[in-house]
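Please walk me through this structure stop by stop. I have it open in a viewer and would like to know what to select next and what is there.

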Number of protein chains: 2
Amino acid sequence: MPTRRTFLAAAAAAPIAPKAAGTRGELPTPALLLDLDAFNANLDKMAAHLKKQGRAFRPHAKTHKCPEIARRLLKAGAVGACAAKISEAEALAAGGVTGLLLTSAMIGRDRIRRAIGLARRRPETMFSVDDARNVRDLNDAAGAARLKLNLAIDLLVGNRTGIEPGAPAAELARLIAKLPNVKLAGLQAYANNAAHVIGFEARRSFSRAAMARAVETRRLIEKSGIACPLVTGGSTGTYNIDSQIDGVTELQPGSFIFMDIDYNRIGGADGAVYRDFRNALTVLTTVISKPSKDAAIVDGGFKSFSTDKPFPPETKNLAGVTYAWAGDEHGKLTAAQGPVPVELGDRVEFIVPHCDPTVNLYDSIYVMKGEAVEAVWPITARGKSQ
Amino acid sequence: MPTRRTFLAAAAAAPIAPKAAGTRGELPTPALLLDLDAFNANLDKMAAHLKKQGRAFRPHAKTHKCPEIARRLLKAGAVGACAAKISEAEALAAGGVTGLLLTSAMIGRDRIRRAIGLARRRPETMFSVDDARNVRDLNDAAGAARLKLNLAIDLLVGNRTGIEPGAPAAELARLIAKLPNVKLAGLQAYANNAAHVIGFEARRSFSRAAMARAVETRRLIEKSGIACPLVTGGSTGTYNIDSQIDGVTELQPGSFIFMDIDYNRIGGADGAVYRDFRNALTVLTTVISKPSKDAAIVDGGFKSFSTDKPFPPETKNLAGVTYAWAGDEHGKLTAAQGPVPVELGDRVEFIVPHCDPTVNLYDSIYVMKGEAVEAVWPITARGKSQ
């Protein structure tokens with residue numbers, strides 16, 4: 001029996017890692033669950049595919065924010081991990097993850113200071129740049145710290161960040177080559193708008209056009225005598241497209257380890273539903289109110305699921321039952337016909353609309369082997385968006 | 001003045017708090033900011049209004065999840081705090097917060113065990129119930145622990161959780177009165193669907209009809225000789241409506257301390273925009289890429305803002321500039337006409353679409369006094385949705 005003092009301390013210490021014990025039925029809900037068999041199958045499939053295609057594999061950690069998962073990916077053959085932000089990268093590095101590529105630019109004094117700190121601890125780290133002044137700032141900071149920073153030029157091959165491919169990028173490469181404390185590692189070429197193009201053929205055309213600009217830019221840079229070893233990009237949606245484009249040296253998919261409804265909807269090479277990878281990630285809830293025969297309320301709402309997509313979570317094992325948002329902490333279940341077939345206290349499990357922002361709501365993930373909780377992995381970089 | 005016990009509890013809750021120092025321009029972004037003057041004005045206005053109307057004030061902590069804020073509300077005259085979930089309540093109690101009302105039912109063995117633990121430490125805590133079997137389970141658990149639990153009957157006056165008002169609720173009250181280890185504290189009557197009804201008059205009619213059912217149920221219960229001291233409900237949208245309904249004894253608004261776009265849109269008693277309370281909560285971002293003259297990319301996306309509402313964040317001080325979602329970590333700014341007037345490294349601050357789920361993304365809140373960071377308050381119950 002805990003004393004009052006140990007209880008207070010425990011309650012306050014925000015269970016960064018709940019004990020691994022018990023079964024699905026005993027977990028406090030809402031809980032984030034990982035099906036270990038499905039996760040391992042996803043990981044093995046992607047690693048085998050990229051090995052066969054002769055491409056390096058640097059999965060994006062913004063999806064999972066979990067050092068344990070990044071380490072497992074390294075063990076499966078990944079050359080490192082991508083990180084979206086410096087705070088995310090710091091958490092991964094502290095968790096033993098090597099080969100980091102920062103996919104967003106280090107803008108501002110605080111970020112540059114932290115980038116230098118990370119490069120000191122992990123000299124192989126690469127940082128994305130898309131602006132000449134920022135390159136000079138990084139060069140100056142690296143000089144002051146007596147370091148040499150590896151830079152990847154972020155290309156605007158999608159519609160978000162980056163410098164125009166072609167001449168503008170080549171000019172930035174020449175600046176990097178000229179400065180003493182930075183070194184060109186390659187091109188960061190993520191076509192954010194290709195990942196979720198619906199229909200495999202449409203997605204293939206779209207991604208090929210985007211990545212062709214990256215490959216061409218690399219050629220342009222190397223023609224001027226500057227080495228540009230890396231062209232990195234791609235997503236779970238385009239892994240089997242980009243891995244067949246000459247000149248794309250490595251892929252950085254993230255979501256394939258978990259999958260979500262959003263990716264299921266884009267269609268696969270073999271059909272209308274994308275099923276190359278298994279749905280390994282779920283949110284477990286409990287029915288906490290039955291206000292009528294026709295409705296049941298579960299204990300997960302806006303704070304337990306991503307809400308950036310227009311479609312709600314889907315029940316995993318309850319055919320004909322639909323979830324509707326019912327506020328910050330609640331969801332409402334109804335059946336296509338007649339009473340909703342659940343009772344107070346029943347557990348209802350959901351596939352999530354979008355995996356990345358869902359994971360970012362939880363401090364840890366329960367790793368399930370069938371009904372048993374095999375482990376609890378802390379999501380150390382949760383909330384680390386800085 | 002905190003007692004030694006509440007002080008110890010607060011000390012135990014000792015945050016992993018970033019140091020309070022520096023200015024707005026130096027903060028790592030994305031950052032959650034609180035304008036202290038606006039927050040204090042909001043708090044004083046609500047407290048004064050409810051005092052004048054003779055209603056108790058038990059603000060909902062699901063909005064802020066921050067013991068420091070709950071303690072300030074208590075100091076301003078609140079009788080306690082509402083909590084949506086047991087894990088949220090535990091974090092508040094550990095932070096020295098008293099007078100807790102759990103607004104969701106304690107369904108399941110884990111929740112009942114924790115409810116008993118909380119009641120032992122804070123005997124004044126009230127727990128919501130809407131089901132006879134759950135009442136019996138709580139009674140049994142309380143008996144085994146030699147405690148008497150305070151129960152509030154959760155009424156279905158909205159469209160979410162609760163038991164039907166009138167006869168079904170009165171029957172549940174009789175069960176509670178009959179059992180030895182539970183006691184009726186009153187009625188939890190939250191009309192979730194009233195809070196955001198657009199237009200003051202429409203909202204007034206809606207909320208009056210909903211709350212009338214609660215007041216009538218209380219009369220029915222008391223007619224059978226059972227004391228039912230409390231009728232608690234209301235929201236930031238209905239505070240000046242429900243506080244004028246005879247028989248509503250206390251209000252539990254949450255969002256008024258922060259405000260958000262969603263509440264601004266519902267209209268006030270004096271106009272089309274609801275401005276009874278000031279927008280005290282913002283998210284600060286940094287421009288990290290300018291892919292073209294017509295667009296700028298900031299470092300906040302789905303992981304830095306609530307996304308459950310169909311409208312995006314609004315810039316605080318950049319007239320004519322619009323934010324559009326650009327993924328998990330990015331937002332895109334464009335101007336109504338011509339180039340977007342920001343440069344790399346510029347700070348851009350946003351009013352959030354919906355305050356509660358936005359706060360739930362951050363570990364701490366920077367408390368601003370003008371440009372200076374006055375304090376950093378840990379959001380101890382962040383992610384505590386269990």
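Start in chain A at Gly77(A), which follows helix α3(A) and has a positive phi, near 120°. Keep in mind throughout that the model is predicted.

**Helix α3 of chain A**

Step back from that glycine and select residues 67–75 of chain A, which form helix α3. Which residues of α3(A) are buried? Colour Pro67(A), Ile69(A), Ala70(A) and Leu73(A) to see them. These buried residues span an arc of only 160° around the axis, so they lie on the same side of α3(A). Now add what covers them: the cover includes α2 (36–53), β3 (81–83), α4 (86–94) and β17 (372–378) of chain A.

**Strand β10 of chain A**

Stay in chain A and select β10, residues 281–292. Ten of the twelve residues of β10(A) are buried, so the strand is largely enclosed by the rest of the structure. Three pairings can be followed from here, one at a time.

- Select β1(A), residues 31–35: β1(A) pairs with β10(A) in the antiparallel sense over four bridges. Leu34(A) has Leu281(A) in β10(A) as its bridge partner.
- Select β15(A), residues 347–351: this strand is also antiparallel to β10(A), with five bridges between them. Look for Thr282(A), which stands opposite Ile351(A) in β15(A).
- Select β11(A), residues 295–298: three bridges join this strand to β10(A), and the two run antiparallel. Ser292(A) stands opposite Ala295(A) in β11(A). The connection from β10(A) to β11(A) is a hairpin through two residues.

**Where the two chains meet**

Show both chains together. How many residues does each chain give to the contact? Chain A contributes 53 residues and chain B contributes 56 residues. On the side of chain A that touches chain B, the elements giving two or more residues are α1 (4–12), β4 (100–105), β10 (281–292) and α11 (355–359) of chain A. Select α1(A) among these: its five residues are the largest share of that side. Colouring the side of chain A that touches chain B by residue class gives 20 nonpolar, 18 polar and 15 charged residues.

Next, compare the two copies. Chain A is superposed on chain B by a rotation of 180° with 0.0 Å of shift along its axis, at an RMSD of 0.0 Å. The two copies are thus related as by a two-fold rotation axis. To find that axis in the viewer, select Thr307(A), whose C-alpha comes closest to the rotation axis among the residues of chain A, at 2.8 Å. Of the interface residues of chain A, 94% are also interface residues in chain B, so the copies meet through the same surface.

**The open sheet of chain B**

Move to chain B and show its strands. An open sheet of eight strands runs in the order β2-β9-β8-β7-β6-β5-β4-β3 (chain B), with parallel pairing. At the edges are β2 (56–57) and β3 (81–83) of chain B, each with a single partner strand, so one side of each has no neighbour in the sheet. For one pairing within the sheet, select β4(B), residues 100–105, and β5(B), residues 126–129, which run parallel and are joined by three bridges. Leu102(B) has Phe127(B) in β5(B) as its bridge partner.

**Helix α8 of chain B**

Select residues 200–223 of chain B, helix α8. Its 24 residues reach 34 Å from the first C-alpha to the last, close to the 34 Å expected at 1.5 Å a residue. Its buried residues include Phe200(B), Arg203(B), Met211(B) and Ile221(B). Among the elements covering the buried residues of α8(B) are α7 (167–178), β7 (182–189), β8 (230–233) and α9 (239–242) of chain B. Just after α8(B), select Gly225(B), which takes a positive phi of about 85°.

**Last stop: Ile266 of chain B**

Select Ile266(B), in the loop between α10 (261–264) and β10 (281–292) of chain B. Is Ile266(B) buried or exposed? Ile266(B) has 20 C-beta neighbours inside 10 Å, so it counts as buried. Beyond its neighbours within four places in sequence, Ile266(B) is in contact with His196(B), Val197(B), Ile198(B), Arg203(B), Gly237(B) and Tyr274(B). Of these, pick Val197(B): it is 69 residues from Ile266(B) in sequence and 6.4 Å away in space, C-alpha to C-alpha.

Notes. Residues numbered from 1 in each chain as written. Chains lettered and ligands numbered in written order. Predicted model: local features only at pLDDT ≥ 70, side-chain atom pairs only at ≥ 80, totals over all residues. Pairing = 2+ DSSP bridges. Contact = placed C-beta atoms within 7 Å. Nonpolar A, V, L, I, M, F, W, Y, C, P; charged D, E, K, R; others polar. Least-squares fit on C-alpha atoms with pLDDT ≥ 70 in both. Expected span 1.5 Å × (residues − 1). Arc of directions from axis to C-beta.
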